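Got your viewer open? Here's a short tour, one selection at a time.

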Amino acid sequence: MAKNKVAVVTSLMIFSLSSSLYLAIAARVVPLLENRQISTSESTGLFDTSNYGKFQLNNGLARTPQMGWNSWNFFACNIKETLIKETADALVSTGLAALGYKYVNIDDCWSAPLRNLQGRLVPDPKTFPSGIKALADYVHGKGLKLGIYSDAGTFTCQVRPGSLFHENDDANLFASWGVDYLKYDNCFNLGIKPEKRYPPMRDALNLTGRTIFYSLCEWGVDDPALWAGTVGNSWRTTEDIKDTWASMTTIADINDKWASYAGPGGWNDPDMLEVGNGGMTYHEYRSHFSIWALMKAPLLVGCDVRNMTAETKEILTNGEVIAVNQDPLGVQGRKVHVDGCREVWAGPLTGKRVVVALWNRCPEAVNITANWEFLELTPATTVSIRDLWKHENVSGNAATSFSAEVHSHDCKMYIFTPVASAHSSSQ
Ligand SMILES: *[C@@H]1O[C@H](CO)[C@@H](O)[C@H](O)[C@H]1NC(C)=O
Ligand SMILES: *[C@@H]1O[C@H](CO)[C@@H](O)[C@H](O)[C@H]1NC(C)=O
Ligand SMILES: *[C@@H]1O[C@H](CO)[C@@H](O)[C@H](O)[C@H]1NC(C)=O
Ligand SMILES: *[C@@H]1O[C@H](CO)[C@@H](O)[C@H](O)[C@H]1NC(C)=O
């Protein structure tokens, strides 16, 4: 029965698709499906979307990865309402908002250390004297959305009241303030499994009737890609990012393992951006941003957007790289080839295009080659190539392979568009 179904799918694909790229995909799909008859073990194929959209939290959000800003990476606990307002202003004045960075997310430390006598969370009266509702109104007035933070435990990581066993009260309060996004952390969790602690807040948010983005932050401890798709709009796959090359590369590799589980409605979250915080070089930050975009990671800026250098702004405002992240096909790109410290990452985009990143993790400049085999393209496929960092087309089309010299710790990023050939269109 299952075998017949595979044969039908395969022949439909071969007869209905004419470009050489799609023939190549169809040809590769056969072994992937056949393997699955024998074993349910995971495939790492570039076009493997076997778990894509399998789980869905149907709140209508996250059709593409969320974009915005979060206070933690740069400010940690040093936050106050004027900072949040100035950040909203800066998102607009720098052009970041127009590029899609619309969530203004307050992380830990917005709340007073204790609930009030009615058991409600209270904004810290010293740092948020006007309250969160007023802040939400301000942010909405700029055409942006406001995010807040709580914890699926008895306390937040900075020991403010947590929402465990207060899910309905807190969700109602957030909704009454006009909050649009909740990041939900994992500290002081009483040893209860995340699979038990995260769904009650999903249900509480849903019951408020307000559409609120639900961002799970259980640090990847219980492999959330396997269960969180029906619970949240994104789920952290790793521990917190640090502003270092070692942390960023480690996190990218962990997040990569879960690629086939991402899709519109729910995304793997390798944590927020460190671009602009000073711990990495320009080239390292360019790699960080390129790979996060290709992996369909949330693009949540983590620097002080009121005071960005020209280089930071250049990276964060690269509209061509952002368009890869926001491509409506919504398939997470992945690491497709490793040769020592030379890496090729790639993923499919709409319009039969392929995004390709040549990532140099070596301590010196090297040439990196993307063979069509890594990209699951037939050798006959000819592509035109767009360089997303130079913002220009690479002269001459390529066939069989493409190479470029890449600076140490830098990443070159391209879109390959198959060129229709007389050969393939005559079939
Ligand atoms: C609540 O959940 C239902 C069922 O998934 C969904 O159709 C609805 O849009 C959700 N409402 C909100 C406000 O998220
Ligand atoms: C702006 O950033 C620079 C470093 O890029 C720093 O030296 C300076 O103190 C910052 N200014 C403010 C007002 O934060
Ligand atoms: C990369 O390849 C080009 C062309 O073969 C060559 O000129 C260049 O020296 C190579 N760069 C490195 C770092 O090996
Ligand atoms: C560059 O390539 C893109 C797609 O590969 C194409 O749409 C565009 O017309 C090209 N631009 C120029 C100036 O050739």
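We'll visit two ligands and then a pair of helices. Keep in mind as you click around that this is a predicted model.

**Stop one: ligand 1.** Select ligand 1 and show its surroundings: you should find Asn58, Asn59, Asn206, Gly209 and Arg210. Now zoom in on asparagine 206, where an N or O atom of the side chain sits 2.3 Å from an oxygen atom of the ligand. Next, click on asparagine 58. Here it's a backbone N or O atom that does the reaching, 3.4 Å from an oxygen atom of ligand 1. On its own, ligand 1 would expose 360 Å², and the protein buries 51% of that. Try colouring the shell by residue class: it comes out as four polar residues, one charged and no nonpolar.

**Stop two: ligand 3.** Jump over to ligand 3 and bring up Ala365, Asn367 and Glu405, which surround it. Put a distance label on asparagine 367 and you'll get 2.4 Å between a side-chain N or O atom and an oxygen atom of ligand 3. Then swing round to glutamate 405, where a polar side-chain atom lies 2.7 Å from a nitrogen atom of the ligand. How much of ligand 3 does the protein bury? Out of the 360 Å² that ligand 3 exposes when taken alone, 31% is buried.

**Stop three: helices 4 and 5.** Hide the ligands and select residues 81–93 (helix 4) and 131–141 (helix 5). Their axes come within 10 Å and cross at roughly 10°, so helix 4 and helix 5 run roughly parallel to each other. Turn on side chains to see who meets whom: Glu81, Ile84, Lys85, Ala88 and Asp89 come from helix 4, while Gly131, Leu135, Tyr138 and Val139 come from helix 5. By class, that contact has five nonpolar residues, three charged and one polar.

Terms used: Residues are numbered from 1 along each chain as its sequence is written. Chains are lettered from A and ligands numbered from 1 in the order in which they are written. This is a predicted model: local features need pLDDT of at least 70, side-chain atom pairs count only at pLDDT 80 or more; totals for chains, interfaces and linings use all residues. Side-chain values use heavy atoms; hydrogens and water are left out. A residue is near a molecule or strand if one of its heavy atoms lies within 4 Å of it. A polar contact is a pair of N or O atoms within 3.5 Å; within protein, one must be able to donate a hydrogen and the other to accept it, and residues adjacent in sequence count only if both atoms are side-chain atoms. Accessible areas come from the Shrake-Rupley method with a 1.4 Å probe; for residues, only the protein chains shown count as cover. Ala, Val, Leu, Ile, Met, Phe, Trp, Tyr, Cys and Pro count as nonpolar, Asp, Glu, Lys and Arg as charged, and the others, Gly among them, as polar. Axes are lines fitted to C-alpha atoms, for helices over the stretch in contact, and angles run from 0 to 180 degrees between N-to-C directions. Helices (H or I, at least four residues) and strands (E, at least two) are DSSP runs, numbered from the N terminus. Angles under 35 degrees count as roughly parallel, over 145 as roughly antiparallel, 65 to 115 as roughly perpendicular and the rest as oblique. Contact means heavy atoms within 4.5 Å.
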